[in-house]
Each structure stands twice: as C-alpha cells, then as structure tokens.
Amino acid sequence: MAAFHRVTVYDRQRGKTHSADLPEGAYVLQAFEALGTPLPFSCRNGVCTACAVKVLEGEVEQPEALGLSRSLKEKGYALLCVAKVCGAVVAETQSEDEVYMLQFGQVFARGRVRKAIPLEEH
Ligand code: FES
C-alpha cells in the first residue's frame with residue numbers, strides 16, 4: 001500500500017490554499033486535478049514553467065523538470081506537472097514571468113539582438 005503525504009500548495013494567482021494527502025510517487029499537478037483542484041499549467045511536460053512553485057517546506061522529486069536550471073532547483077523551485085510526491089511539502093505558485101526572468105534575465109540584460117547581416121541576393 002502506497003504511503004500518503006500532506007501536500008499544500010498556495011495558489012498566489014487565485015489567492016487560495018489547497019491541501020491534500022497525496023500518494024507517494026504521484027505527480028502533484030495530476031493528483032490535485034483528480035481531486036477537482038485545478039492549478040496553473042500549460043505544457044504539462046516540465047518545460048514551460050507555467051506550473052512553477054517555490055517549495056517552502058519539504059521537497060519533491062523532479063528529474064523530468066527540464067525547464068528549470070539546476071540553480072533554481074537548488075533554490076527550491078519546482079515544476080508541479082513533473083513533481084512527484086516523496087514526502088510532506090508546502091509550496092506556493094510563482095508567476096511564469098518571474099521564473100523566466102530569474103533564469104534568463106541576465107541574458108536579456110545584455111541588450112537587444114543585433115540586426116542580422118543582410119543576405120546577398122543570388
Ligand atoms: S506545465 Fe509547463 S512546465 Fe509544468
């Protein structure tokens with residue numbers, strides 16, 4: 001029999017807190033949806049960061065979270081669509097733009113993309 005763990009997600013965008021005992025190994029986003037609790041998502045494949053959260057207590061397993069840098073994972077960010085329950089956890093949703101800027105903001109701060117060199121006509 002699978003162990004269950006208390007998972008709490010504060011949905012900042014909607015101002016709601018969701019909490020449930022979810023089975024170990026379940027994907028958090030899918031498990032909440034199965035209980036009738038929608039949370040933010042888009043790609044559902046660990047790439048876009050629309051489902052990003054900051055883990056405040058506990059941890060999740062997320063080897064498929066390709067959309068997050070190692071650095072952000074180490075800072076406690078996770079992607080709920082590919083985050084598996086492995087213990088009690090408390091997390092809060094993030095703005096997709098916020099996470100995007102954390103990951104890529106330094107690149108954009110270098111300035112705009114330069115115009116391409118005109119191609120010669122043949
Ligand atoms: S929904 Fe796109 S990374 Fe989770």
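Before we look at the cysteines, let me say that a residue is called buried when its relative accessible area is under 20%, and please keep in mind that what we have here is a predicted model. With a relative accessible area of 5%, Cys-51 is therefore buried, whereas Cys-86, at 27% relative accessibility, counts as partly exposed.

How many disulfides are there? The count comes to zero, and for Cys-86 we can say why: the closest cysteine sulfur, the one in Cys-81, is 16 Å from the sulfur of Cys-86, which is too far for a bond.

Let me turn now to the interior. In soluble globular proteins, nonpolar side chains tend to be buried together. The largest nonpolar core of this model has 29 residues, and those that touch the most other members are Val-7, Val-9, Leu-22, Val-28, Phe-32, Leu-79 and Leu-80. At least two residues of this core come from each of the strands β1 (4-11), β2 (16-23), β3 (52-61), β4 (77-79) and β5 (84-93), and likewise from α1 (28-34). If we take Leu-22 as an example and leave aside residues up to four places away in sequence, we find that Leu-22 touches Ala-3, Phe-4, His-5, Val-7, Val-28, Ala-31, Phe-32, Leu-35 and Val-85.

Finally, the surface. Tyr-100, Met-101, Phe-104 and Val-107 make a nonpolar surface patch of about 370 Å². Phe-104, one of these four, lies in helix α3, which covers residues 96-108, and with a relative accessible area of 34% Phe-104 is partly exposed.

Methods: Residues numbered from 1 in each chain as written. Predicted model: local features only at pLDDT ≥ 70, side-chain atom pairs only at ≥ 80, totals over all residues. Heavy atoms only, no water. Patch = residues over 30% accessible without salt bridge, like charges linked within 9 Å, V, L, I, M, F, W, Y side chains within 5 Å. Areas by Shrake-Rupley, 256 points an atom, 1.4 Å probe, with all protein chains shown as cover. Salt bridge = Lys/Arg side-chain N within 4 Å of Asp/Glu carboxyl O. Helix = DSSP H or I, 4+ residues; strand = E, 2+ residues; numbered from the N terminus. Buried < 20%, exposed > 50% of the residue type's maximum accessible area, 1.4 Å probe, protein only. Disulfide = S-S within 2.5 Å. Core = buried A, V, L, I, M, F, W, Y, C linked by side-chain atoms within 4.5 Å. Contact = heavy atoms within 4.5 Å.
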